[in-house]
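Open the model in your viewer and show it as a cartoon. Keep the selection tool at hand.

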Amino acid sequence: MRIGITCYPTYGGSGIVATELGMELAARGHEIHFITYANPIRLDPGTPRIYYHEVEVSNYPLFQYPPYDLALASRMAEIAEWQDLDLLHVHYAIPHSASAYMARAMLAGKRRLPYITTLHGTDITLVGTDRAYFPITKFSIEQSDGVTSISENLRQQTVEVFGVQNPIHVVHNFVNCDLYRMAKEPHEGRPRLLHISNFREVKRVTDCVQILERVRKHVDCELWMAGDGPDQSAAERLAFELGVHDHVKFLGKQNHIEKLIPQADVLLLPSRMESFGLAALEAMACGVIPVATRVGGVPELITHGQDGYLEEVGDVASQAKRVLEILTDGALRNRLRWAARETAETRFCTSKIIPRYETVYRTILDGAPRG
Ligand code: GMT
């Protein structure tokens, strides 16, 4: 198939899933055309059958807000025509789904261009429920030829919040288990906690610092914080106030997270909301044990006490207690890390998940046209 993929090409989870999906599909023989405003960060430039088409937005003085959605729709339509695309697959509903709707309408009568919308989380749970975006988000999801959601929890929320009637296929996040592997040797230095995110409010990054401070009362350990975003300075300030700043390392954005993760023992994911928790899955594939919150779709990934731990949002005492148990009980740590790897391998590796997207594509291409 010839597939156009649109996503946020940045460090958010939806962009990572879209990019890795494109690369996996290309490896399976499909031709993939990324249509985005920048080259997706995890895209391997030399990958065969992968193409990149930049969306350029002119910024005339009259435009207080440059109309990216329109530039994207125009680009989608022309690339679909020039490259003979079979379908568009957009990741994160806002505004990509609405642009795809416009592109499909532009080509109506000339060629069929179905579009699939994959819902990732904050497009539904935060941004989509903002009154300014609600009607267009609902409309463009309902108009999609196919809709997928990265967890059952997100599917239910989409139905509850938006009342959409069309089927939503749950296709969980995935991980390349050949790339994300367990370390062969124990890492050097002190026991290490790791957090990976875009440091937005929903991630509760300061909880990571509080957990470190509590654990450090018993075990000499350190915290690595990968990524960056608006709440980094709050985390840095708290680390200083709690006297643990010498034990927290801010690493900034990382391009090869698969090399970083195996150097940790525990992955902290204290989010207020998480539709799936891709970072936890990547950690589990590396045998790094997740201590996360019991929110959204995270329980679809982590089984409490079996391959990680789930605690309540904001309960840093319980999360710290779990980390301490992992760091001080070697037998427990060993059991959990192998179980985490097994979960990633048996339920969420690419060979299990990518065919599900292919099935969605085929069903839509074989079905009756819309729009
Ligand atoms: O919140 C983020 O980390 C970014 C966000 C996105 O859409 O870019 O991530 C969402 O999509 C990820 C990939 O599907 C999921 O694993 C994350 O759980 C989800 N984030 C939230 O729901 C907060």
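The tour goes from the whole chain to one sheet, and then to a few backbone details.

**Whole chain**

Start with everything selected. This is a predicted model. The chain has 371 residues, and its radius of gyration is 21 Å, in agreement with the value near 21 Å for a compact globule of that length. Turn it along its principal axes: the C-alpha atoms fill a box of roughly 70 × 45 × 40 Å. Colour by secondary structure to see 13 helices and 13 strands.

Now switch on the surface. The chain exposes about 15,800 Å², and carbon and sulfur atoms supply 50% of that area. Buried residues account for 55% of the chain. Many contacts span long stretches of sequence: of those between residues at least 6 apart, 70% join residues at least 24 apart.

**The seven-stranded sheet**

Hide the surface and find the open sheet of seven strands. What is the strand order? Reading across, the order is β3-β2-β1-β4-β5-β6-β7, with parallel pairing. Select 50-54 and 168-170 to mark the edges: these are β3 and β7, and each pairs on one side only. Look at the twist next. Neighbouring strands are turned by 25 degrees against each other on average, direction ignored.

Zoom in on residues 2-6 and 87-91. These are β1 and β4, paired in the parallel sense over four bridges. Pick Gly 4 and look across to β4: Leu 88 stands opposite.

Add residues 152-162. This is helix α6, which packs on the sheet and touches β5 (115-119), β6 (146-149) and β7. The direction of α6 makes about 165 degrees with that of β7.

**Around β4: the backbone details**

Most residues other than glycine have a negative phi, and most peptide bonds are trans. The next three stops depart from that pattern.

Select Asp 84, in the loop between α2 (68-82) and β4. Asp 84 is not a glycine, yet its phi is positive, about 55 degrees. Its relative accessibility is 38%, so Asp 84 counts as partly exposed.

Move past β4 to Tyr 92, in the loop between β4 and α3. Phi of Tyr 92 is also positive, near 85 degrees. Is Tyr 92 buried or exposed? Tyr 92 counts as buried because its relative accessibility is 12%, and the cut-off for buried is under 20%.

Finish at Pro 95, in the loop between β4 and α3 (96-107). Show the backbone atoms here. The peptide bond joining Ile 94 and Pro 95 is cis, with omega about -5 degrees.

Key:
Residues are numbered from 1 along each chain as its sequence is written. This is a predicted model: local features need pLDDT of at least 70, side-chain atom pairs count only at pLDDT 80 or more; totals for chains, interfaces and linings use all residues. Side-chain values use heavy atoms; hydrogens and water are left out. Two strands pair if DSSP finds at least two bridges between them. Helices (H or I, at least four residues) and strands (E, at least two) are DSSP runs, numbered from the N terminus. Axes are lines fitted to C-alpha atoms, for helices over the stretch in contact, and angles run from 0 to 180 degrees between N-to-C directions. Contact means heavy atoms within 4.5 Å. The radius of gyration is taken over C-alpha atoms; the globule rule is 2.2 Å times the number of residues to the power 0.38. Buried means under 20% relative accessible area, exposed over 50%, partly exposed in between (1.4 Å probe, protein chains only). Accessible areas come from the Shrake-Rupley method with a 1.4 Å probe; for residues, only the protein chains shown count as cover.
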